[in-house]
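Take a moment with the sequence and the model below before reading on. The paragraphs after it lead from the ligand and its surroundings to a pair of strands.

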Amino acid sequence: MDDSKIIIRTPRLILREFSMEDASSIFQLNSDPEVIRFTGDEAFKSVEEAAQLIRDYDQYKKYGYGRWTILSDDPSEYLGWCGLNYNKDTKETDIGFRLLRSQWGKGIATEAAAACLDYGFNQLGLDKIIGRAMKENQASVRVLVKTGMRFEKDFDAHGSKCVQFCKLKYIWNPKD
Ligand SMILES: CC(C)(COP(=O)(O)OP(=O)(O)OC[C@H]1O[C@@H](n2cnc3c(N)ncnc32)[C@H](O)[C@@H]1OP(=O)(O)O)[C@@H](O)C(=O)NCCC(=O)NCCS
């Protein structure tokens, strides 16, 4: 593996920048209707479409961060992705995660998301990170809650009821 692309290590995981070798795994990930059910995304038509997404992905260059590939530490296997996304229109950074279905229910998203929040606040100097999910997507909402994010607002997207959570770097404490 190209170590220069590694961003975060956790006890079980390695998060690194997307790489062309992820194309077939990203294709496989988004081919599972259960995985994209609550995301508003469509499946790629081919591995080449997934490869094009990786080639076009310019968040690292533009903003210094983005979504990252999650690999298990040992043996090194593709698990999915997690990371931060800057939205230039709202000037907000959100956290997102997506795992192969075979990897659900092992606490992987929580471990990866907690590490990304920590990295966002303490390495990137972000003040606020939001997390959005469809209300129906209880697993996703639960990950946001477990990483210490707080409910901020309801909103509608893709014809569904959604929730926005957020976490602040500094919590104002009147006793301080
Ligand atoms: C959302 C997702 C990343 C969660 O990954 P994960 O590694 O399984 O998450 P974790 O194991 O860290 O935590 C999941 C929590 O949700 C809970 N959960 C899972 N399915 C649930 C459901 N249908 N209803 C209620 N809670 C549920 C789990 O019990 C766990 O909580 P607990 O630790 O308190 O028991 C994974 O389900 C996924 O990839 N989904 C498809 C993509 C997606 O929807 N991404 C989010 C878009 S906003």
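What follows describes a predicted model, beginning with the ligand and ending with a hairpin.

Around the ligand there are 20 residues, and among these Gly105, Thr110, Asn137, Arg142 and Lys146 come nearest. Sorted by class, the shell around the ligand is made up of nine nonpolar, six polar and five charged residues.

Several contacts with the ligand involve the protein backbone. A polar backbone atom of Phe97 lies 2.8 Å from a nitrogen atom of the ligand, while a polar backbone atom of Leu99 is 2.8 Å from an oxygen atom of the ligand. An oxygen atom of the ligand also lies 3.4 Å from a backbone N or O atom of Ile108. On its own the ligand has 970 Å² of accessible area, of which the protein covers 70%.

Where, then, does the ligand sit with respect to the pockets of the protein? The space that the ligand takes is the largest pocket. Two or more residues of the shell around the ligand come from each of strand E5 (92–99), helix H5 (108–122), strand E6 (128–134) and helix H6 (138–146); H6 gives the most to this shell, with six residues.

Turning to the pair of strands, E1 (residues 6–9) and E2 (residues 13–16) run antiparallel and are joined by three bridges. The connection between E1 and E2 is a hairpin that passes through three residues, and Arg9 stands opposite Ile14, a residue in E2.

Definitions and conventions: Residues are numbered from 1 along each chain as its sequence is written. This is a predicted model: local features need pLDDT of at least 70, side-chain atom pairs count only at pLDDT 80 or more; totals for chains, interfaces and linings use all residues. Side-chain values use heavy atoms; hydrogens and water are left out. A residue is near a molecule or strand if one of its heavy atoms lies within 4 Å of it. A polar contact is a pair of N or O atoms within 3.5 Å; within protein, one must be able to donate a hydrogen and the other to accept it, and residues adjacent in sequence count only if both atoms are side-chain atoms. Accessible areas come from the Shrake-Rupley method with a 1.4 Å probe; for residues, only the protein chains shown count as cover. On a 1 Å grid over the protein atoms alone, a cavity is a set of points where a 1.4 Å probe fits but cannot get out, and a pocket is an open set with protein on both sides within 12 Å along at least five of seven lines; lining residues have an atom within 4 Å of a point. A molecule sits in a cavity or pocket if more than half of its atoms lie within 2 Å of its grid points. Helices (H or I, at least four residues) and strands (E, at least two) are DSSP runs, numbered from the N terminus. Ala, Val, Leu, Ile, Met, Phe, Trp, Tyr, Cys and Pro count as nonpolar, Asp, Glu, Lys and Arg as charged, and the others, Gly among them, as polar. Two strands pair if DSSP finds at least two bridges between them.
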